[in-house]
Amino acid sequence: MASVRIDGDTLHIEFSGWDKLWAVHGSFAIPLANVAGATTEKPPSFWEALKIIGTGSIWPFKMAGTFLYHGEVVFFDYQGEESVLVVDLKQGTSSYKHVFVHVDEPDTPEAAAQRINDALPQGR
């Protein structure tokens with residue numbers, strides 16, 4: 001799970017505990033100018049991804065790390081069938097096309113997506 005916050009013009013996605021280890025990745029600090037938008041819509045065939053580095057387990061359905069998903073490099077830190085925050089990044093601004101994260105309670109993916117979209121520069 002991750003905490004999601006906006007500080008100035010930067011989106012911070014911070015992993016804690018085991019998620020850092022499973023994902024083989026530290027936290028993200030993404031300039032808002034590089035964010036195309038945020039949703040909670042999982043794409044079709046969410047679980048059909050080829051792991052590059054990280055954890056992909058069928059029990060308890062944990063995906064964490066960098067994956068190749070339909071020809072695009074994406075980051076997953078997700079478990080189960082609950083809703084997920086999906087951060088879409090602008091082409092050419094990152095090695096990732098999307099970042100999929102499960103957010104820490106009491107935050108929700110829907111609230112985090114709304115905060116991110118509200119903070120994006122006009123004319124994204």
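This passage walks through the strands, aromatic pairs and nonpolar cores of the structure. The model is predicted, so a few ground rules apply: local features need pLDDT of at least 70, side-chain atom pairs count only at pLDDT 80 or more, and totals for chains, interfaces and linings use all residues. Residues are numbered from 1 along each chain as its sequence is written, and side-chain values use heavy atoms, with hydrogens and water left out.

Strands and helices come first. Both are DSSP runs numbered from the N terminus, with at least four residues for a helix (H or I) and at least two for a strand (E). Two strands are called paired if DSSP finds at least two bridges between them. One open sheet has 3 strands in the order β1-β2-β3, with antiparallel pairing. Its edges are β1 and β3; each has a single partner strand, so one side of each is left without a neighbour in the sheet. From one strand to the next, the twist averages 15 degrees (axes are lines fitted to C-alpha atoms, for helices over the stretch in contact, and angles run from 0 to 180 degrees between N-to-C directions). Between β1 and β2 there are 6 bridges in the antiparallel sense, and Asp7 has Thr10 in β2 as its bridge partner. Helix α2 lies across β1 and β2, at about 20 degrees to β1.

Strand β9 (residues 98-101) has pairing of both kinds. With β7 (residues 72-79) the sense is parallel, over 4 bridges, and Phe75 is matched with Val99 in β9. With β8 (residues 85-89) the sense is antiparallel, again over 4 bridges, and Asp88 sits opposite His98. In a regular strand the side chains alternate between the two faces of the sheet. Here both faces of β9 are covered: His98 and Phe100 on one side, Val99 and Val101 on the other, are all buried (under 20% relative accessible area with a 1.4 Å probe, protein chains only; over 50% is exposed and in between is partly exposed).

Now for the rings. Those of Phe, Tyr and Trp (its six-membered ring) pair if their centres lie within 6.5 Å; planes under 30 degrees apart are stacked, over 60 edge-to-face, and the rest tilted. The count comes to 8 aromatic pairs. Phe28 and Tyr96 have ring centres 5.7 Å apart and planes at 75 degrees, so this pair is edge-to-face. It links distant parts of the chain, with Phe28 in strand β3 and Tyr96 in the loop between β8 and β9, 68 residues apart. Phe28 counts as buried at 10% relative accessibility, and so does Tyr96 at 11%. Tyr69 and Phe76 also make an edge-to-face pair, 6.4 Å centre to centre with 85 degrees between the planes. Tyr69 is buried at 6% relative accessibility, and Phe76 at 0%. Phe15, Phe28, Phe75 and Tyr96 form one aromatic cluster.

That leaves the nonpolar cores, meaning sets of buried Ala, Val, Leu, Ile, Met, Phe, Trp, Tyr and Cys residues joined through side-chain atoms within 4.5 Å. The largest has 22 residues, and Leu11, Ile13, Leu85 and Val87 have the most contacts inside it. Elements giving two or more residues to this core include β1 (2-7), β2 (10-15), β4 (35-39) and α2 (109-119). Another core, of 9 residues, lies apart from it; Phe76, Val84, Val86 and Phe100 are among its members. Leaving aside neighbours within four places in sequence, Leu85 is in contact with residues including Val4, Ala38, Val99 and Ile116 (contact being heavy atoms within 4.5 Å).
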